[in-house]
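Good morning, and thank you for attending. Please take a moment to look at the model before I begin.

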Amino acid sequence: MYTTEFAKSDPKAPVPISKDDPALIAAFEGRVAADEFIEPKDWMPEAYRRTLVRQISQHAHSEIVGMLPEGNWLTRAPSLRRKAILLAKIQDEGGHGLYLYCAAETLGTSREEMIEALHAGKAKYSTIFNYPTLTWADIGAIGWLVDGAAIMNQVPLQRTSYGPYARAMVRVCKEESFHQRQGYEIMMVMANGTAEQKAMAQDALNRWWWPSLMMFGPPDDNSPNSAQSFRWRIKRDSNDELRQKFVDITVPQAEYLGLTVPDPDLRWNEAKGGYDFGAVDWEEFYAVVRGEGPVAKERMRARREAWDNGAWVREAADAHEAKRRARMAA
Amino acid sequence: MSRDWPLWEVFIRSKGGLSHKHVGSVHAPDAELAVRHARDTYTRRLEGVSIWVVRSADITASDPAQAGEMFEPAESKVYRHPTFYDIPDAVGHM
């Protein structure tokens, strides 16, 4: 799973003047331009640190919130095989969240601060998780499309300039491929099933197609943070480039399933060697970013409940540790 | 001050005969739970046969800003490498 990086503040707000030493900045920019990795104890500009904390924590939150729409379906998976697979996938998403929280913590933020920001509704996570999962076919569509888009986004991040983030991405990408394949397999079974099952698969594609294209973030000409992130090699491909790549790879996969991509403007463009596709509804995207997604409130409620209901486990672990320490001291 | 559990660095031996290698970190209240969390977080696909955990606070690291001076002594000692010496082909493999 993946989140694009959203600025929480107004992009037109005045930028504070950097107090960083120009000589240190020049040395840093030189290292980044030479494709060196920046490691936690290396000097880095404050803005680089802030951008990474924001991006990595949003990415971590997305992994954790991403467990929720799929968790809804654990008890209703159609077979034991599907249930075991879905459980493994959800565990992976939890693990991905943990790798990423750890990477963000190397920049000087604490786990507690990040979790509190998420639960207080102050942190962003991927817009995709604020759409509901209505049928089992949605679990197939999420694996195929959402994880497919995530992989497309994450592969270049394996070479992002901040070492701990890049290493976390290597682990994530290694594990993510199974997620997409199990989703496509669900779609294959449904597309080749009864007329009703095939209709469910088509309906899931209809609802997840556009939100998946939105996962690559706003169009390049309206992506305020991109230029800086490119220069710092935090970002390596533009939102529109990745979106195009995703469409080009995914449309033939839909054709193989015998399903129709819900875009009347979609057609092959021989000259550019890729598909032309219709305009994304960016108003919808920004509304979901603002927290107006269909199930945004439900997701946060589920997240806070899980945290609160798990409090006794954390307290018991603390008490056990304290007791053992007291015994050792005695 | 953060109420987070302490941070532990995780090292995993991927198979017998190889050394433990750093893979990441976990939060845990004690060493035993750190090992369990490390197992669940870093070995979901048979990545290891053995796990070490060590409190992150107990690690002493060299200063990257001093890396030049720190490692300079080795830079000027090319004669520590076998390729520094010319041995005639006639001598054969050495």
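Which residue takes a positive phi just after α5(A)? It is G121(A), with a phi of about 75°. Helices here are DSSP runs of H or I with at least four residues, strands are runs of E with at least two, and both are numbered from the N terminus.

Some conventions should be stated. This is a predicted model, in which local features need pLDDT of at least 70 and side-chain atom pairs count only at pLDDT 80 or more, while totals for chains, interfaces and linings use all residues. Residues are numbered from 1 along each chain as its sequence is written, chains are lettered from A and ligands numbered from 1 in the order in which they are written, and side-chain values use heavy atoms, with hydrogens and water left out.

Let me stay with helix α5 of chain A, residues 111–119. Because 7 of its 9 residues are buried, the helix is largely enclosed by the rest of the structure; buried means under 20% relative accessible area with a 1.4 Å probe, protein chains only. Among the buried residues of α5(A) are the charged pair of neighbours R111(A) and E112(A), and also M114(A), I115(A) and L118(A). Against what do the buried residues of α5(A) pack? Their partners in chain A are α2 (46–65), α4 (80–105) and α12 (296–309), and β2 (21–27) of chain B joins them.

I turn to chain A as a whole. It has 13 helices and 2 strands, and buried residues make up 51% of its 330 residues. The radius of gyration, taken over C-alpha atoms, is 21 Å, which agrees with the value near 20 Å for a compact globule of 330 residues; the rule is 2.2 Å times the number of residues to the power 0.38. Along its principal axes, the C-alpha trace spans about 65 × 60 × 35 Å. Of the contacts between residues at least 6 apart in sequence, 80% join residues at least 24 apart, a contact being heavy atoms within 4.5 Å.

Finally, confidence. The model scores ipTM 0.87 and pTM 0.90. Mean pLDDT, the predictor's confidence in each residue from 0 to 100, is 92 for chain A and 94 for chain B. Within chain B, helix α2 (residues 67–75) is lowest at a mean of 90, and strand β3 (residues 50–55) is highest at 98. In chain A, pLDDT stays under 50 over residues 1–11. Where pLDDT is low, the predicted coordinates should not be read in detail.

How values were computed. Buried < 20%, exposed > 50% of the residue type's maximum accessible area, 1.4 Å probe, protein only.
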